[in-house]
Amino acid sequence: MSSRQPNGIEKLGLHDIGRVFYNISYDELQAHEVNKGEVKLSTSGTAMCDTGVFTGRSPKDKYFVDQSPSNQHISWGNVNKPVKKEIFNELLALSKEQLSGKNIYIVDAYAGSSPASRRKIRFVSEIAWQAHFVTNMFIRPSEEELETFVPDFVMYNACKTVNEKFEEHGLRSKVFAIFNIEENTAIIGGTWYGGEMKKGIFSMMNYWLPLEGKMAMHCSANVGKENDVCLFFGLSGTGKTTLSTDPHRALIGDDEHGWDEHGVFNFEGGCYAKVIDLNPKNEPEIYAAIRKNALLENVVYDEYGYVDYSDSSKTENTRVSYPIEHIDNHKKDLMAGHPSNIIFLTADAFGVLPPVSKLTKEQAMYYFLSGYTAKVAGTELGITEPVATFSACFGEAFLPLHPTKYAKLLGEKIDDHDVHVYLVNTGWTGGPYGVGKRMSIKDTRACIDGILNGSIRDAEFEVLDIFNLSIPKSLKGVADSSILNPRNTWEKTEEYDETLERLAAMFIENFHRYDESGSEFNYSDAGPKL
(Lines give C-alpha, C1' and ligand atoms only; values in the text may rest on other atoms or scores of the structure.)
Protein backbone atom coordinates (compact mmCIF):
# COMPACT_ATOMS: atom_id res chain seq x y z
CA MET A 1 0.00 0.00 0.00
CA SER A 2 1.27 3.46 -0.90
CA SER A 3 2.30 5.72 1.98
CA ARG A 4 1.21 8.79 0.02
CA GLN A 5 -1.15 11.11 1.89
CA PRO A 6 -3.60 13.52 0.28
CA ASN A 7 -2.57 17.13 -0.14
CA GLY A 8 -4.33 19.53 2.22
CA ILE A 9 -5.75 16.85 4.50
CA GLU A 10 -5.63 19.31 7.39
CA LYS A 11 -8.24 21.42 5.59
CA LEU A 12 -10.85 18.67 5.94
CA GLY A 13 -11.52 19.71 9.53
CA LEU A 14 -11.41 16.16 10.96
CA HIS A 15 -9.76 15.35 14.27
CA ASP A 16 -8.08 12.28 15.78
CA ILE A 17 -8.01 10.49 12.44
CA GLY A 18 -6.67 6.95 12.51
CA ARG A 19 -5.23 5.64 9.28
CA VAL A 20 -5.99 7.37 5.99
CA PHE A 21 -6.41 4.92 3.13
CA TYR A 22 -5.76 7.14 0.13
CA ASN A 23 -6.60 6.04 -3.41
CA ILE A 24 -5.78 2.47 -2.48
CA SER A 25 -5.70 -0.29 -5.10
CA TYR A 26 -8.56 -2.57 -6.03
CA ASP A 27 -6.87 -5.50 -4.30
CA GLU A 28 -6.56 -3.47 -1.11
CA LEU A 29 -10.15 -2.25 -1.36
CA GLN A 30 -11.45 -5.79 -1.69
CA ALA A 31 -9.35 -6.99 1.23
CA HIS A 32 -10.77 -4.17 3.40
CA GLU A 33 -14.34 -4.86 2.29
CA VAL A 34 -14.11 -8.56 3.02
CA ASN A 35 -12.22 -8.22 6.32
CA LYS A 36 -14.71 -5.62 7.60
CA GLY A 37 -17.64 -7.79 6.60
CA GLU A 38 -18.99 -5.15 4.21
CA VAL A 39 -19.27 -7.46 1.21
CA LYS A 40 -19.57 -11.05 0.08
CA LEU A 41 -17.87 -12.36 -3.05
CA SER A 42 -19.78 -13.82 -5.98
CA THR A 43 -18.70 -16.86 -7.95
CA SER A 44 -17.01 -14.48 -10.42
CA GLY A 45 -15.00 -12.81 -7.64
CA THR A 46 -17.19 -9.69 -7.70
CA ALA A 47 -17.79 -7.89 -4.41
CA MET A 48 -21.48 -7.73 -3.44
CA CYS A 49 -22.77 -5.12 -1.00
CA ASP A 50 -26.15 -4.12 0.37
CA THR A 51 -26.89 -0.40 0.56
CA GLY A 52 -29.21 -0.64 3.55
CA VAL A 53 -32.70 0.82 3.73
CA PHE A 54 -32.07 2.99 0.66
CA THR A 55 -31.67 1.03 -2.56
CA GLY A 56 -31.96 4.17 -4.68
CA ARG A 57 -31.41 7.89 -4.41
CA SER A 58 -33.43 10.06 -2.02
CA PRO A 59 -34.10 13.05 -4.29
CA LYS A 60 -36.56 14.69 -1.89
CA ASP A 61 -33.74 15.05 0.64
CA LYS A 62 -31.40 16.96 -1.69
CA TYR A 63 -30.78 20.67 -0.99
CA PHE A 64 -28.65 23.60 -2.12
CA VAL A 65 -27.48 26.31 0.26
CA ASP A 66 -29.42 29.48 -0.51
CA GLN A 67 -26.76 32.13 -0.97
CA SER A 68 -25.35 34.50 -3.56
CA PRO A 69 -24.35 34.26 -6.33
CA SER A 70 -25.51 30.65 -6.95
CA ASN A 71 -29.07 31.38 -5.83
CA GLN A 72 -29.40 33.71 -8.83
CA HIS A 73 -28.76 30.80 -11.21
CA ILE A 74 -30.51 27.88 -9.50
CA SER A 75 -34.03 27.03 -10.63
CA TRP A 76 -35.72 26.65 -7.26
CA GLY A 77 -38.63 24.23 -6.89
CA ASN A 78 -39.36 20.59 -6.11
CA VAL A 79 -36.06 19.46 -7.61
CA ASN A 80 -33.80 22.16 -6.18
CA LYS A 81 -34.78 23.02 -2.63
CA PRO A 82 -33.08 25.75 -0.59
CA VAL A 83 -31.55 25.37 2.85
CA LYS A 84 -30.08 28.07 5.10
CA LYS A 85 -26.33 28.28 5.41
CA GLU A 86 -26.59 27.99 9.21
CA ILE A 87 -28.29 24.59 8.88
CA PHE A 88 -25.66 23.43 6.41
CA ASN A 89 -22.88 24.46 8.80
CA GLU A 90 -24.54 22.57 11.65
CA LEU A 91 -24.88 19.40 9.58
CA LEU A 92 -21.35 19.80 8.20
CA ALA A 93 -20.04 19.84 11.77
CA LEU A 94 -22.15 16.75 12.55
CA SER A 95 -20.77 14.98 9.47
CA LYS A 96 -17.19 15.87 10.31
CA GLU A 97 -17.66 14.57 13.85
CA GLN A 98 -18.98 11.28 12.48
CA LEU A 99 -15.90 10.90 10.26
CA SER A 100 -13.43 11.87 13.00
CA GLY A 101 -11.72 9.52 15.43
CA LYS A 102 -11.49 6.58 13.03
CA ASN A 103 -9.84 5.22 9.92
CA ILE A 104 -11.11 6.90 6.77
CA TYR A 105 -10.97 6.40 3.03
CA ILE A 106 -10.13 9.30 0.75
CA VAL A 107 -10.47 9.04 -3.02
CA ASP A 108 -9.25 11.86 -5.25
CA ALA A 109 -10.62 11.64 -8.78
CA TYR A 110 -11.58 13.64 -11.84
CA ALA A 111 -15.10 14.37 -13.01
CA GLY A 112 -14.65 14.91 -16.73
CA SER A 113 -12.08 13.45 -19.10
CA SER A 114 -11.59 16.71 -21.02
CA PRO A 115 -8.69 18.66 -19.44
CA ALA A 116 -10.44 21.87 -20.54
CA SER A 117 -13.60 21.08 -18.57
CA ARG A 118 -12.91 18.56 -15.80
CA ARG A 119 -13.14 19.10 -12.04
CA LYS A 120 -11.00 17.60 -9.27
CA ILE A 121 -13.19 15.89 -6.67
CA ARG A 122 -12.30 14.55 -3.22
CA PHE A 123 -14.51 11.90 -1.57
CA VAL A 124 -14.25 11.20 2.17
CA SER A 125 -15.89 8.12 3.70
CA GLU A 126 -15.50 5.54 6.45
CA ILE A 127 -16.90 2.71 4.31
CA ALA A 128 -14.53 0.70 2.10
CA TRP A 129 -17.16 -0.25 -0.50
CA GLN A 130 -18.12 3.41 -0.93
CA ALA A 131 -14.47 4.17 -1.71
CA HIS A 132 -14.63 1.24 -4.14
CA PHE A 133 -17.77 2.69 -5.75
CA VAL A 134 -16.26 6.11 -6.49
CA THR A 135 -13.00 4.48 -7.60
CA ASN A 136 -15.09 2.63 -10.19
CA MET A 137 -17.26 5.55 -11.19
CA PHE A 138 -14.83 8.45 -11.54
CA ILE A 139 -11.62 8.99 -13.46
CA ARG A 140 -8.54 7.82 -11.62
CA PRO A 141 -5.56 10.21 -11.66
CA SER A 142 -2.07 8.89 -12.27
CA GLU A 143 0.45 8.71 -9.43
CA GLU A 144 2.17 11.74 -10.93
CA GLU A 145 -1.10 13.71 -11.03
CA LEU A 146 -1.83 12.85 -7.39
CA GLU A 147 1.40 14.55 -6.32
CA THR A 148 -0.09 17.96 -7.12
CA PHE A 149 -3.80 17.12 -6.75
CA VAL A 150 -5.73 19.83 -4.92
CA PRO A 151 -9.51 19.28 -4.96
CA ASP A 152 -11.93 21.75 -6.51
CA PHE A 153 -14.79 20.16 -4.56
CA VAL A 154 -15.04 17.95 -1.45
CA MET A 155 -17.83 15.49 -0.69
CA TYR A 156 -18.14 14.15 2.87
CA ASN A 157 -20.12 10.91 2.99
CA ALA A 158 -21.17 10.55 6.62
CA CYS A 159 -23.75 7.87 5.89
CA LYS A 160 -23.79 6.58 9.46
CA THR A 161 -25.04 9.86 10.89
CA VAL A 162 -28.60 11.18 10.75
CA ASN A 163 -30.20 14.57 11.32
CA GLU A 164 -32.31 14.14 14.45
CA LYS A 165 -33.28 17.83 14.28
CA PHE A 166 -34.70 17.68 10.76
CA GLU A 167 -38.14 18.94 11.84
CA GLU A 168 -36.61 21.89 13.65
CA HIS A 169 -34.56 22.60 10.52
CA GLY A 170 -37.64 22.45 8.32
CA LEU A 171 -36.25 19.50 6.34
CA ARG A 172 -38.14 16.42 5.15
CA SER A 173 -36.39 13.59 7.01
CA LYS A 174 -33.27 12.49 8.85
CA VAL A 175 -31.56 11.99 5.49
CA PHE A 176 -29.67 14.84 3.82
CA ALA A 177 -27.60 15.52 0.72
CA ILE A 178 -26.68 19.20 0.78
CA PHE A 179 -24.50 21.17 -1.66
CA ASN A 180 -22.73 24.40 -0.78
CA ILE A 181 -21.67 25.75 -4.16
CA GLU A 182 -19.77 28.77 -2.88
CA GLU A 183 -17.71 26.65 -0.49
CA ASN A 184 -17.31 23.76 -2.96
CA THR A 185 -18.51 21.25 -0.38
CA ALA A 186 -21.22 18.62 -0.13
CA ILE A 187 -22.38 16.44 2.75
CA ILE A 188 -24.37 13.20 2.74
CA GLY A 189 -25.99 11.67 5.81
CA GLY A 190 -28.56 9.03 6.65
CA THR A 191 -28.28 7.03 3.41
CA TRP A 192 -25.66 4.49 2.36
CA TYR A 193 -26.66 4.46 -1.31
CA GLY A 194 -23.54 5.01 -3.43
CA GLY A 195 -25.47 6.61 -6.27
CA GLU A 196 -25.95 9.73 -4.14
CA MET A 197 -22.26 10.50 -4.66
CA LYS A 198 -22.35 9.81 -8.38
CA LYS A 199 -25.45 11.87 -9.09
CA GLY A 200 -24.43 14.58 -6.64
CA ILE A 201 -21.30 15.31 -8.66
CA PHE A 202 -23.35 15.07 -11.86
CA SER A 203 -25.62 17.79 -10.47
CA MET A 204 -22.60 19.97 -9.81
CA MET A 205 -21.27 19.44 -13.34
CA ASN A 206 -24.74 20.43 -14.56
CA TYR A 207 -24.29 23.67 -12.63
CA TRP A 208 -20.71 24.53 -13.54
CA LEU A 209 -20.47 23.70 -17.23
CA PRO A 210 -23.52 25.48 -18.72
CA LEU A 211 -22.40 28.71 -17.07
CA GLU A 212 -19.22 28.30 -19.14
CA GLY A 213 -21.23 27.70 -22.34
CA LYS A 214 -20.61 23.93 -22.23
CA MET A 215 -23.27 21.23 -22.38
CA ALA A 216 -23.81 18.74 -19.54
CA MET A 217 -25.88 15.71 -20.53
CA HIS A 218 -27.59 12.66 -19.04
CA CYS A 219 -26.68 10.39 -21.92
CA SER A 220 -24.45 7.56 -23.04
CA ALA A 221 -22.09 7.91 -26.00
CA ASN A 222 -20.10 5.81 -28.42
CA VAL A 223 -17.98 6.36 -31.51
CA GLY A 224 -17.57 4.40 -34.75
CA LYS A 225 -14.47 3.62 -36.80
CA GLU A 226 -15.10 6.71 -38.92
CA ASN A 227 -15.03 8.85 -35.75
CA ASP A 228 -18.81 9.30 -35.95
CA VAL A 229 -20.11 10.02 -32.45
CA CYS A 230 -23.61 9.15 -31.27
CA LEU A 231 -25.33 10.31 -28.08
CA PHE A 232 -28.09 8.26 -26.43
CA PHE A 233 -30.36 10.25 -24.11
CA GLY A 234 -32.86 8.37 -21.97
CA LEU A 235 -34.24 7.80 -18.50
CA SER A 236 -33.64 4.65 -16.48
CA GLY A 237 -34.91 1.51 -18.19
CA THR A 238 -34.92 2.88 -21.73
CA GLY A 239 -31.74 1.10 -22.87
CA LYS A 240 -29.17 3.87 -22.58
CA THR A 241 -26.45 1.55 -21.27
CA THR A 242 -27.41 -1.50 -23.33
CA LEU A 243 -27.64 0.23 -26.71
CA SER A 244 -24.46 2.28 -26.35
CA THR A 245 -22.51 -0.88 -25.49
CA ASP A 246 -21.86 -2.06 -29.03
CA PRO A 247 -19.10 -4.49 -30.07
CA HIS A 248 -18.66 -2.54 -33.34
CA ARG A 249 -18.30 0.88 -31.73
CA ALA A 250 -16.05 2.18 -28.96
CA LEU A 251 -17.87 3.13 -25.77
CA ILE A 252 -17.14 6.65 -24.56
CA GLY A 253 -19.39 6.25 -21.54
CA ASP A 254 -22.77 4.93 -20.43
CA ASP A 255 -24.42 7.73 -18.46
CA GLU A 256 -22.99 11.24 -18.07
CA HIS A 257 -21.19 13.42 -20.62
CA GLY A 258 -20.12 16.93 -21.42
CA TRP A 259 -19.90 18.66 -24.80
CA ASP A 260 -17.38 21.47 -25.01
CA GLU A 261 -15.54 23.20 -27.84
CA HIS A 262 -13.41 20.07 -28.41
CA GLY A 263 -16.28 17.56 -28.59
CA VAL A 264 -17.94 15.00 -26.32
CA PHE A 265 -16.29 13.70 -23.15
CA ASN A 266 -17.23 11.33 -20.37
CA PHE A 267 -17.71 12.69 -16.86
CA GLU A 268 -16.91 9.28 -15.42
CA GLY A 269 -14.39 6.47 -15.54
CA GLY A 270 -16.83 3.62 -15.09
CA CYS A 271 -20.31 2.31 -15.80
CA TYR A 272 -23.34 1.81 -13.57
CA ALA A 273 -25.75 -0.69 -15.08
CA LYS A 274 -29.03 -2.14 -13.90
CA VAL A 275 -28.77 -5.92 -13.58
CA ILE A 276 -32.34 -6.98 -12.90
CA ASP A 277 -33.06 -9.88 -15.28
CA LEU A 278 -29.56 -9.54 -16.75
CA ASN A 279 -29.14 -12.01 -19.58
CA PRO A 280 -25.73 -12.85 -21.07
CA LYS A 281 -27.33 -13.46 -24.47
CA ASN A 282 -28.95 -10.01 -24.69
CA GLU A 283 -26.27 -8.02 -22.86
CA PRO A 284 -23.02 -9.99 -23.18
CA GLU A 285 -20.66 -7.03 -22.64
CA ILE A 286 -22.30 -5.98 -19.37
CA TYR A 287 -22.53 -9.58 -18.16
CA ALA A 288 -18.82 -10.11 -18.91
CA ALA A 289 -17.95 -6.88 -17.06
CA ILE A 290 -19.18 -8.37 -13.76
CA ARG A 291 -15.94 -9.74 -12.44
CA LYS A 292 -13.27 -8.84 -9.89
CA ASN A 293 -13.09 -5.06 -9.27
CA ALA A 294 -16.77 -4.63 -10.17
CA LEU A 295 -19.23 -3.98 -7.33
CA LEU A 296 -22.73 -5.49 -7.25
CA GLU A 297 -25.45 -3.79 -5.20
CA ASN A 298 -28.46 -5.38 -3.52
CA VAL A 299 -28.46 -8.56 -5.58
CA VAL A 300 -29.77 -11.86 -4.22
CA TYR A 301 -27.29 -14.72 -4.05
CA ASP A 302 -26.98 -18.16 -2.48
CA GLU A 303 -24.47 -19.47 0.06
CA TYR A 304 -21.96 -20.19 -2.70
CA GLY A 305 -22.12 -16.68 -4.16
CA TYR A 306 -24.22 -17.55 -7.19
CA VAL A 307 -26.29 -14.48 -8.15
CA ASP A 308 -29.94 -14.75 -9.15
CA TYR A 309 -30.39 -11.72 -11.38
CA SER A 310 -34.11 -12.43 -11.76
CA ASP A 311 -34.75 -12.00 -8.02
CA SER A 312 -36.04 -8.52 -7.21
CA SER A 313 -36.97 -9.24 -3.60
CA LYS A 314 -34.47 -6.64 -2.33
CA THR A 315 -35.18 -4.09 -5.05
CA GLU A 316 -35.92 -3.75 -8.75
CA ASN A 317 -32.94 -1.38 -8.81
CA THR A 318 -30.18 -3.98 -8.55
CA ARG A 319 -26.99 -2.49 -9.96
CA VAL A 320 -23.37 -3.10 -10.83
CA SER A 321 -20.60 -0.52 -11.06
CA TYR A 322 -17.42 -1.40 -12.90
CA PRO A 323 -14.41 0.42 -14.34
CA ILE A 324 -14.91 1.17 -18.02
CA GLU A 325 -11.83 -0.95 -18.74
CA HIS A 326 -14.12 -3.96 -18.21
CA ILE A 327 -15.69 -3.12 -21.57
CA ASP A 328 -13.10 -4.32 -24.07
CA ASN A 329 -14.15 -1.92 -26.81
CA HIS A 330 -14.04 1.42 -25.02
CA LYS A 331 -12.48 4.73 -26.04
CA LYS A 332 -9.26 4.86 -24.06
CA ASP A 333 -9.22 8.62 -23.48
CA LEU A 334 -13.03 8.76 -22.90
CA MET A 335 -13.34 11.59 -25.43
CA ALA A 336 -14.30 12.02 -29.08
CA GLY A 337 -15.33 14.73 -31.53
CA HIS A 338 -18.69 16.39 -32.09
CA PRO A 339 -21.72 14.10 -32.57
CA SER A 340 -23.17 13.14 -35.93
CA ASN A 341 -26.32 11.67 -34.40
CA ILE A 342 -28.39 12.11 -31.26
CA ILE A 343 -30.94 9.49 -30.19
CA PHE A 344 -33.69 10.14 -27.65
CA LEU A 345 -34.74 6.83 -26.09
CA THR A 346 -38.17 6.22 -24.63
CA ALA A 347 -39.76 3.06 -23.28
CA ASP A 348 -43.35 3.83 -24.26
CA ALA A 349 -45.50 1.44 -22.21
CA PHE A 350 -48.61 2.77 -23.95
CA GLY A 351 -47.35 1.07 -27.11
CA VAL A 352 -48.25 3.88 -29.51
CA LEU A 353 -44.94 5.52 -30.48
CA PRO A 354 -42.95 4.23 -33.48
CA PRO A 355 -39.78 2.17 -33.06
CA VAL A 356 -37.88 5.02 -34.75
CA SER A 357 -38.72 8.56 -35.94
CA LYS A 358 -36.59 11.23 -37.58
CA LEU A 359 -36.96 14.60 -35.83
CA THR A 360 -36.70 18.12 -37.14
CA LYS A 361 -34.63 20.62 -35.13
CA GLU A 362 -37.85 21.99 -33.60
CA GLN A 363 -39.10 18.50 -32.73
CA ALA A 364 -35.73 17.72 -31.19
CA MET A 365 -36.09 20.71 -28.87
CA TYR A 366 -39.65 19.68 -28.00
CA TYR A 367 -38.80 16.08 -27.12
CA PHE A 368 -35.64 17.10 -25.26
CA LEU A 369 -37.62 19.48 -23.06
CA SER A 370 -40.34 16.84 -22.62
CA GLY A 371 -37.99 13.98 -21.66
CA TYR A 372 -40.69 11.33 -21.96
CA THR A 373 -40.80 7.70 -21.01
CA ALA A 374 -43.52 5.54 -19.45
CA LYS A 375 -43.23 3.27 -16.47
CA VAL A 376 -45.47 0.41 -15.49
CA ALA A 377 -47.50 0.66 -12.31
CA GLY A 378 -47.94 -2.26 -9.93
CA THR A 379 -50.44 -4.97 -10.77
CA GLU A 380 -53.83 -4.85 -9.08
CA LEU A 381 -56.30 -7.69 -9.70
CA GLY A 382 -54.38 -8.54 -12.88
CA ILE A 383 -54.78 -5.07 -14.41
CA THR A 384 -51.77 -2.93 -15.28
CA GLU A 385 -51.72 0.71 -16.31
CA PRO A 386 -48.76 2.60 -17.80
CA VAL A 387 -47.72 5.81 -16.09
CA ALA A 388 -46.30 8.63 -18.22
CA THR A 389 -43.08 10.19 -16.89
CA PHE A 390 -41.74 13.52 -18.12
CA SER A 391 -38.26 14.50 -16.99
CA ALA A 392 -36.89 17.63 -18.70
CA CYS A 393 -33.70 17.02 -20.68
CA PHE A 394 -33.97 13.33 -19.74
CA GLY A 395 -32.52 14.12 -16.32
CA GLU A 396 -34.50 16.80 -14.52
CA ALA A 397 -33.58 15.46 -11.09
CA PHE A 398 -29.97 16.54 -11.73
CA LEU A 399 -30.53 20.00 -13.27
CA PRO A 400 -29.76 22.91 -10.95
CA LEU A 401 -30.50 25.42 -13.74
CA HIS A 402 -33.76 25.90 -15.63
CA PRO A 403 -34.27 23.22 -18.34
CA THR A 404 -34.35 25.85 -21.09
CA LYS A 405 -30.70 26.73 -20.29
CA TYR A 406 -29.68 23.23 -21.38
CA ALA A 407 -32.09 23.19 -24.31
CA LYS A 408 -30.69 26.43 -25.66
CA LEU A 409 -27.15 25.01 -25.55
CA LEU A 410 -28.26 21.80 -27.24
CA GLY A 411 -30.06 23.69 -30.01
CA GLU A 412 -26.97 25.81 -30.68
CA LYS A 413 -24.77 22.72 -30.91
CA ILE A 414 -27.22 20.89 -33.20
CA ASP A 415 -27.06 23.87 -35.56
CA ASP A 416 -23.30 24.35 -35.29
CA HIS A 417 -22.48 20.72 -36.05
CA ASP A 418 -25.41 19.71 -38.31
CA VAL A 419 -26.49 16.88 -36.01
CA HIS A 420 -29.25 14.42 -36.96
CA VAL A 421 -31.75 13.68 -34.17
CA TYR A 422 -34.03 10.65 -33.76
CA LEU A 423 -36.64 9.35 -31.33
CA VAL A 424 -36.38 5.60 -30.65
CA ASN A 425 -39.05 3.68 -28.73
CA THR A 426 -37.64 0.68 -26.86
CA GLY A 427 -40.98 0.07 -25.13
CA TRP A 428 -44.08 -1.80 -26.22
CA THR A 429 -45.60 -2.70 -29.58
CA GLY A 430 -48.92 -4.28 -30.51
CA GLY A 431 -50.66 -2.80 -27.50
CA PRO A 432 -49.87 -1.31 -24.09
CA TYR A 433 -48.04 -3.14 -21.33
CA GLY A 434 -50.05 -6.21 -20.41
CA VAL A 435 -51.43 -6.59 -23.94
CA GLY A 436 -48.57 -5.94 -26.36
CA LYS A 437 -44.98 -7.09 -26.13
CA ARG A 438 -41.67 -5.36 -25.56
CA MET A 439 -39.90 -4.22 -28.70
CA SER A 440 -37.31 -6.85 -29.61
CA ILE A 441 -33.69 -5.88 -29.07
CA LYS A 442 -32.99 -7.20 -32.59
CA ASP A 443 -35.43 -4.73 -34.15
CA THR A 444 -34.23 -1.88 -31.96
CA ARG A 445 -30.64 -2.65 -32.92
CA ALA A 446 -31.64 -2.58 -36.58
CA CYS A 447 -33.17 0.86 -36.11
CA ILE A 448 -30.01 2.07 -34.35
CA ASP A 449 -27.82 0.57 -37.09
CA GLY A 450 -29.87 2.42 -39.72
CA ILE A 451 -29.23 5.67 -37.88
CA LEU A 452 -25.52 5.04 -37.41
CA ASN A 453 -24.78 3.95 -40.97
CA GLY A 454 -26.96 6.69 -42.42
CA SER A 455 -29.22 4.37 -44.40
CA ILE A 456 -32.31 5.63 -42.58
CA ARG A 457 -31.90 9.00 -44.29
CA ASP A 458 -32.44 7.29 -47.67
CA ALA A 459 -35.68 5.62 -46.56
CA GLU A 460 -39.14 6.59 -47.72
CA PHE A 461 -41.04 8.18 -44.83
CA GLU A 462 -44.65 8.50 -43.79
CA VAL A 463 -46.13 10.74 -41.10
CA LEU A 464 -47.69 9.48 -37.87
CA ASP A 465 -51.02 11.16 -37.16
CA ILE A 466 -51.32 13.64 -34.29
CA PHE A 467 -47.62 13.46 -33.34
CA ASN A 468 -46.52 14.35 -36.89
CA LEU A 469 -43.48 12.11 -36.57
CA SER A 470 -41.61 11.01 -39.71
CA ILE A 471 -41.29 7.22 -39.68
CA PRO A 472 -39.50 5.07 -42.28
CA LYS A 473 -41.61 2.63 -44.27
CA SER A 474 -38.81 0.05 -44.26
CA LEU A 475 -35.35 -0.46 -42.78
CA LYS A 476 -32.68 -3.05 -43.43
CA GLY A 477 -32.62 -5.59 -40.62
CA VAL A 478 -36.26 -5.08 -39.64
CA ALA A 479 -37.81 -8.25 -41.06
CA ASP A 480 -41.41 -7.14 -40.63
CA SER A 481 -41.58 -3.54 -41.87
CA SER A 482 -45.18 -3.22 -40.67
CA ILE A 483 -43.99 -2.76 -37.08
CA LEU A 484 -42.39 0.58 -38.04
CA ASN A 485 -45.87 2.11 -38.00
CA PRO A 486 -47.26 1.12 -34.59
CA ARG A 487 -50.88 1.43 -35.73
CA ASN A 488 -50.30 -1.67 -37.88
CA THR A 489 -49.40 -3.76 -34.82
CA TRP A 490 -52.61 -3.26 -32.82
CA GLU A 491 -55.45 -5.73 -33.23
CA LYS A 492 -58.03 -2.96 -32.74
CA THR A 493 -56.97 0.23 -34.50
CA GLU A 494 -59.67 2.28 -32.79
CA GLU A 495 -58.08 1.43 -29.44
CA TYR A 496 -54.72 2.50 -30.83
CA ASP A 497 -56.16 5.84 -31.96
CA GLU A 498 -57.74 6.45 -28.56
CA THR A 499 -54.50 5.64 -26.73
CA LEU A 500 -52.47 7.82 -29.10
CA GLU A 501 -54.77 10.75 -28.39
CA ARG A 502 -54.56 10.12 -24.66
CA LEU A 503 -50.76 10.16 -24.73
CA ALA A 504 -50.79 13.29 -26.93
CA ALA A 505 -52.93 15.06 -24.33
CA MET A 506 -50.35 14.18 -21.65
CA PHE A 507 -47.55 15.66 -23.76
CA ILE A 508 -49.53 18.85 -24.37
CA GLU A 509 -50.41 19.25 -20.70
CA ASN A 510 -46.81 18.70 -19.60
CA PHE A 511 -45.42 21.23 -22.08
CA HIS A 512 -47.57 24.01 -20.61
CA ARG A 513 -44.85 24.29 -17.97
CA TYR A 514 -42.83 26.23 -20.56
CA ASP A 515 -45.59 28.72 -21.36
CA GLU A 516 -43.80 31.43 -19.38
CA SER A 517 -40.34 30.72 -20.81
CA GLY A 518 -40.61 33.30 -23.59
CA SER A 519 -40.91 33.12 -27.34
CA GLU A 520 -37.42 31.64 -27.69
CA PHE A 521 -38.74 28.34 -26.33
CA ASN A 522 -42.17 28.28 -27.87
CA TYR A 523 -41.73 24.82 -29.37
CA SER A 524 -45.23 23.57 -28.61
CA ASP A 525 -46.04 23.62 -32.34
CA ALA A 526 -43.45 20.88 -32.82
CA GLY A 527 -45.36 18.56 -30.49
CA PRO A 528 -48.56 16.56 -30.94
CA LYS A 529 -51.75 18.28 -32.04
CA LEU A 530 -55.29 17.26 -31.11
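A residue is called buried here when its relative accessible area is under 20%. The structure described is a predicted model, and this report treats two of its helices, three single residues, and several enclosed or open spaces.

## Helix 10 and helix 1

Helix 10 covers residues 403-417. Its 15 residues, at 1.5 Å a residue, should span 21 Å, and the end C-alpha atoms are indeed 21 Å apart, so the expected and modelled lengths agree. Under the cut-off stated above, the buried residues of helix 10 are Pro403, Thr404, Tyr406, Ala407, Leu409, Leu410, Gly411, Lys413 and Ile414. An α-helix has 3.6 residues a turn, so residues three or four places apart point the same way.

Which elements cover the buried residues of helix 10? The cover includes two helices, helix 6 (195-208) and helix 9 (361-370), together with strand 11 (215-223), strand 14 (256-260), strand 22 (339-346) and strand 26 (420-425). Directly after helix 10, Asp418 adopts a positive phi of about 50 degrees.

Helix 1 comprises residues 26-35, and its buried residues are Tyr26, Glu28, Leu29, Gln30, His32 and Glu33. Just after helix 1, Gly37 has a positive phi of about 70 degrees.

## Internal cavities

How many cavities of 30 Å³ or more does the structure hold? There are 3 of them. The largest cavity encloses about 70 Å³ of space. Its lining consists of 13 residues, and those nearest its centre are Arg57, Lys62, Glu196, Lys199 and Gly200. Strand 9 (176-180) and helix 6 are the elements that each give two or more residues to this lining. Helix 6 supplies the largest share, 5 residues.

The second largest cavity holds about 50 Å³ of space. It is lined by Phe202, Asn206, Met215, Ala216, Met217, His218, Phe233, Phe368, Cys393, Gly395, Leu399 and Tyr406. Helix 6 and strand 11 each give two or more residues to the lining of the second largest cavity, with strand 11 giving the most, 4 residues. Tyr406, one of these lining residues, is also among the buried residues of helix 10. Helix 6 and strand 11 likewise belong to the cover of the buried residues of helix 10.

## The second largest pocket

The second largest pocket has a volume of about 410 Å³. It is lined by 18 residues, of which Asp246, His248, Arg249, Asp449 and Leu452 are the closest to its centre.

The table gives the composition of the three linings by residue class.

| Space | Nonpolar residues | Polar residues | Charged residues |
|---|---|---|---|
| Largest cavity | 5 residues | 4 residues | 4 residues |
| Second largest cavity | 9 residues | 3 residues | no charged residues |
| Second largest pocket | 4 residues | 6 residues | 8 residues |

## Three individual residues

Glu126 occupies the loop between strand 7 (119-125) and helix 3 (128-137). Is Glu126 buried or exposed? Its relative accessible area is 7%, which is under 20%, and Glu126 therefore counts as buried. The side chain of Glu126 makes a polar contact with the side chain of Gln98 at 2.7 Å, and another with the side chain of Lys160 at 3.5 Å. Apart from neighbours within four places in sequence, Glu126 is in contact with Lys36, Glu38, Gln98, Leu99, Lys102, Asn103, Tyr105 and Lys160.

Val299 is placed in the loop between strand 17 (295-297) and strand 18 (300-301). Val299 counts as buried because its relative accessibility is 2%. When residues up to four places away in sequence are not counted, Val299 touches Met48, Val275, Val307, Lys314 and Thr318. Lys314 is 15 residues from Val299 along the chain, and the C-alpha atoms of this pair are separated by 7.1 Å.

His512 is found in the segment after helix 12 (493-511). With a relative accessibility of 41%, His512 is classed as partly exposed, because that value falls between the 20% and 50% limits. The C-alpha atoms of His512 and Ser524 are separated by 8.3 Å, and the two residues are 12 residues apart along the chain.

Definitions and conventions. Residues are numbered from 1 along each chain as its sequence is written. This is a predicted model: local features need pLDDT of at least 70, side-chain atom pairs count only at pLDDT 80 or more; totals for chains, interfaces and linings use all residues. Side-chain values use heavy atoms; hydrogens and water are left out. The expected span of a helix is 1.5 Å times one less than its number of residues. Buried means under 20% relative accessible area, exposed over 50%, partly exposed in between (1.4 Å probe, protein chains only). Contact means heavy atoms within 4.5 Å. A polar contact is a pair of N or O atoms within 3.5 Å; within protein, one must be able to donate a hydrogen and the other to accept it, and residues adjacent in sequence count only if both atoms are side-chain atoms. On a 1 Å grid over the protein atoms alone, a cavity is a set of points where a 1.4 Å probe fits but cannot get out, and a pocket is an open set with protein on both sides within 12 Å along at least five of seven lines; lining residues have an atom within 4 Å of a point. Grid points are joined across faces, edges and corners, and a volume is the space filled by probe spheres set on the points. Ala, Val, Leu, Ile, Met, Phe, Trp, Tyr, Cys and Pro count as nonpolar, Asp, Glu, Lys and Arg as charged, and the others, Gly among them, as polar.
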